[in-house]
Amino acid sequence: MLVEIANHKDAAEYAHDSGNLAPQARENFFDVFGTTGCLLNCKGSIRQDVELNQAKEELSGVVRREIKASQAEYRKKLSSTWFAASDIATSAVKGCGSCSVLSQILAMVFDNTPQSQPQAYEYSVSHDFKLKRRPLGVERYVEMVQLFQPPGFRMRFEQMHQSNFLDGKDWSIARLRQWLNECLNNHEECSISSGAQNDNNRPARLLDLTSIRRGNEDGIKLIETKPGSAYKYACLSHRWDAAVNQHQTTTGTSGNLSRRSEFISLQDLPTNFRDAVSIARGVDLNFLWIDSLCIIQDGDDDHEDLRRELMKMGSIYRNAQLTIAAVFSPDSSQGCFGKDIKSDIRFRISQNSQGEFLIGARVLEKICRLDSMDIVKELHPLLTRAWVFQERMLSPRVLLCNYGEFAFECLEFSICECASTIAPHFKPAYKWLGSLDSSYSQILKGPNRNLAEGAIKAWKDDAVDHWRIIIQTYMQLSLSFSSDVLPAISGFAQLLADHLKYDYVAGLWKETLASDLLWYVKPQATDRFPRPRPRDSFAPSWSWASIEMTQNIKHVKPEKHFMMRTSDLLLREAIVEIYCEPESGINPFGKLKDAYLKFNARLYPWYIRRFCRKAHNKMSRKNRRAVKDLHVTRPNHGGIACTTEPPQLDIGDAVIMLEFDAQLGREDIVYKNFDYCIGDPAYMESGCALAQIYLLHALHSEAGSQNSLDALFLLKRIPPINGRPNCYRRIGLMTLTHNGIYAQSSSEIFRSQIKPQMEEFYLF
C-alpha cells in the first residue's frame, strides 16, 4: 500500500469542486484497505459505529435513543484510545492495510522524521477520521488534522467528511471570480439592491490599481473621481491599528496627498491593504476604496472632507461591486489569505485491487464555530467592531476572508470554499451577527412604489421593526470611542430615512418616537448591573445611543402580551417639541451638538430605595433583587424589618420589571438615609436610603378588563440647561403587568398613593 502526496494537476484528474456530481458508491474505509493482522482493533470500533449509525436510521423512538447513546459511548471510547507511532507501524507490518495507510499519512502530516522525535508523541483516530497528536504525558491533544474526501471522487468512505480542497491564494481568487460573476450576471435581487452612483454619493477618491513600476517596486495611485462618471470598485472592511494610522492620507505642510496622487508603493502598505489590491485585481476590478487612504484625515479645523465622506459611507459600500472583509485579521498585518499558512494536503493512495484513491488532510488549528462572543473575538475579530457592522450589512456582495478560506455572501445566496461543515467553515451560530437575507434586502431595496397606501404603511412598520433588531445587534458590538455610536450606524440610518421618508432623531424616528422610546437595557448574564454611561457621549438620555456599547438593548413589545392600540402610546400627545441639532450641519445622522424632548405631562414623584446589607440578605434568595430597587412592595419583602416614611408603594399582585439604563454612581443620584434601619449604624453610607425620582407613564396596553401592561420611565431632576427650567434625564424603565379580574390598573395605583404633578419639562 503506497501513500504519496499528489500535486494539484494530478489530483484534478480524480476530483472536482462540489457542483453537479454523479452519485458515489459508499464503502467502509477498513474494508477497502483491509485489517488482516491489525493489532489496534481499528476496524472493530469504527465498524460498530457505522453499523449503529445504519441501525439508527432504520429505527425510531426509544430504541433509536438507546442506539444513539451506545454510538456516543463508542465514539468517546474511540477518541480516548491513544497509540504510539511504533504501535501503528508494527500493526502495518503485521499486514493491516488500514494501519499502513494511516501510518503513512500520520508520518507525512506530522512530519514524523527521526529529528522530530515521533516516539515522544501519541496519536488517536476519531470515528470521523480526525487525527490527533499530543506529547506523552499530556491529557489534552495539541494538534489535530481532519481527513476528508473531495466531492466528485468515484467512491465515498463512510464516516469521512467531504470537502473541497483549500489551496491558498490563487485558487481562492479563482473561486471568488466564479461567485462574483454569477451574482453580477444572474442575481436580480442583488442588482436591484445596489445603489446608483451620482455626484452626491460617489467617493471623492479611489485607488487606481493599474500597476505602476518604479524600479523593482510595484505601485498604485490615488485619483480624484470625476463628476458624471461611474466607477466599478471594491471596498476594504478592516480593523484600524497603529500601522494604519501611519498610512492615512493627509494634507498640510507635511501632507502626502500630492505624492499619493502619483505613486503609492505596495510594499510599504500594510498586509491587509496589499491583499485587498491582489483580490480586486484578481476579479478584474480596477479601483479600490480604503477609508484611511481615500479620505483626508486632517485638513481644516472642522475636518470637512472627513465629515462629507462619512456622510456618504452607506452609499459607498452599497455601490461597491464587492466588499472585502478581513474577518480573521485582528490588525492590519495578518492579511486576507489565512490558508496560505498551511494549505490542504492531497494524498494519493495506490491499492492494487481497487486502483487509486484521493484523500485530503486539513490542519485544524482553529475550529471556526461561533459559540460565544469570546470565540467571535478570537476567530473573527472584525465582526465585533461596530463600524464594520453597517459596512457588511449595506454591501450587496461581501467577501469574508475567514481563517482558512473565503466565504461569499450576497442577497440571493452564500457559499464558502470548502462547501462542507468541517472547520474552518464559517458557521455563525448567532443571529445577532446579521446576515444578508431577504429581511434586510427589503430595507436595501425600499418599498415598491406601486403598492397601495396600506401596503406601504405595512412595509414601513416592518422596516422600523427591522431597525430595532439592527440596533439590538449593533449595540452588542465594540467601539473605540463612545462618541462614534451614531456616526458608525449613520449609513444605515440614512438609507432607511430615504425609504421611509421619516425624520431621524438621535437614533430614533420622529414618526414612531412614542414607541421607539420604549427601549431598555437587559444586562448580560455575566453582568450584575448595566455599565456606567460613557462620559464622551453626546446622545440624549432618552436615546439608546447614550448607553455604553456591548450591552443588550431590548424594546417593550406589548403585542407579545396584548394587542397594542395607537391610543396606548401615552407619550404621543405628551411630546410638544422635538429638538435635535447635529454637530455638523451637513450630516444629520452623525454626532449631536444638542438634543431634547419637551413634554407637557403628568409626573409621579417617587423613590428608589437602597437596601442595607441585612435587609437585602433577608429577601428570599429566589426573588432577591439588586441592592437598588423601586420603593414598592414585593412578595419577597415580607421579612424586612426596616420601615420607611413614606411607606412602600403597594402594587398588589402586579408583576414589576425594573431595568436601569446605566449603573448609578454617587454623582448620578443622591440618597437620603432614613431612621429605623436595622443595618449597622457605623456604616450608614450602606444603610437603607431613599432617592427622589419621577415616573413618567409612557404606555398603557390592555386586553379586556383583566389584563394590562404599563411602561413608565424613571427620571431624575437635573439643574437647568441653557436657561431651560424643569430639566430631567432618564435613568431607567419599568413595566407593570396586571393579570386577574381584581387587579388594579396602574393609574389607580399611582393616583391613590402618589400625588401627581402636571408639568411642562425638558428631557435631555
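**Helix packing and the open sheet**

In this predicted model, helix α5 (residues 85–93) and helix α6 (residues 97–109) cross at roughly 140 degrees, with their axes coming within 8 Å. Angles over 145 degrees would count as roughly antiparallel, so this pair ends up as oblique instead, α5 to α6. As for handedness, α5 goes past α6 in a left-handed crossing. On the α5 side, the contact is made by I88, A89, S91 and A92, and α6 brings in C99, S100, L102, S103 and L106. Sorted by class, that contact between α5 and α6 comes out at 6 nonpolar and 3 polar residues, with no charged ones.

Now for the sheet. It is an open one, built from 9 strands with mixed pairing. Reading across, the order runs β12-β10-β9-β13-β11-β14-β17-β18-β19. At the edges sit β12 (264–265) and β19 (414–416), each of which pairs on one side only. Within the sheet, strand β11 (residues 233–237) and strand β14 (residues 322–325) are paired in the parallel sense, and 4 bridges link them. In this pairing, S237 stands opposite A325 of β14.

A helix also packs on this sheet: α11, covering residues 271–282. The strands that α11 touches are β9 (205–214), β10 (217–224), β11, β13 (287–289), β14, β17 (397–401) and β18 (406–410). The paired strands β11 and β14 are thus both among those touched by α11. As for orientation, the direction of α11 makes about 90 degrees with that of β9.

Notes
Residues numbered from 1 in each chain as written. Predicted model: local features only at pLDDT ≥ 70, side-chain atom pairs only at ≥ 80, totals over all residues. Heavy atoms only, no water. Axes fitted to C-alpha atoms, helices over the stretch in contact; angles between N-to-C directions. Helix = DSSP H or I, 4+ residues; strand = E, 2+ residues; numbered from the N terminus. Parallel < 35°, antiparallel > 145°, perpendicular 65-115°, else oblique. Left-handed = near helix turned anticlockwise from the far one by under 90°. Contact = heavy atoms within 4.5 Å. Nonpolar A, V, L, I, M, F, W, Y, C, P; charged D, E, K, R; others polar. Pairing = 2+ DSSP bridges.
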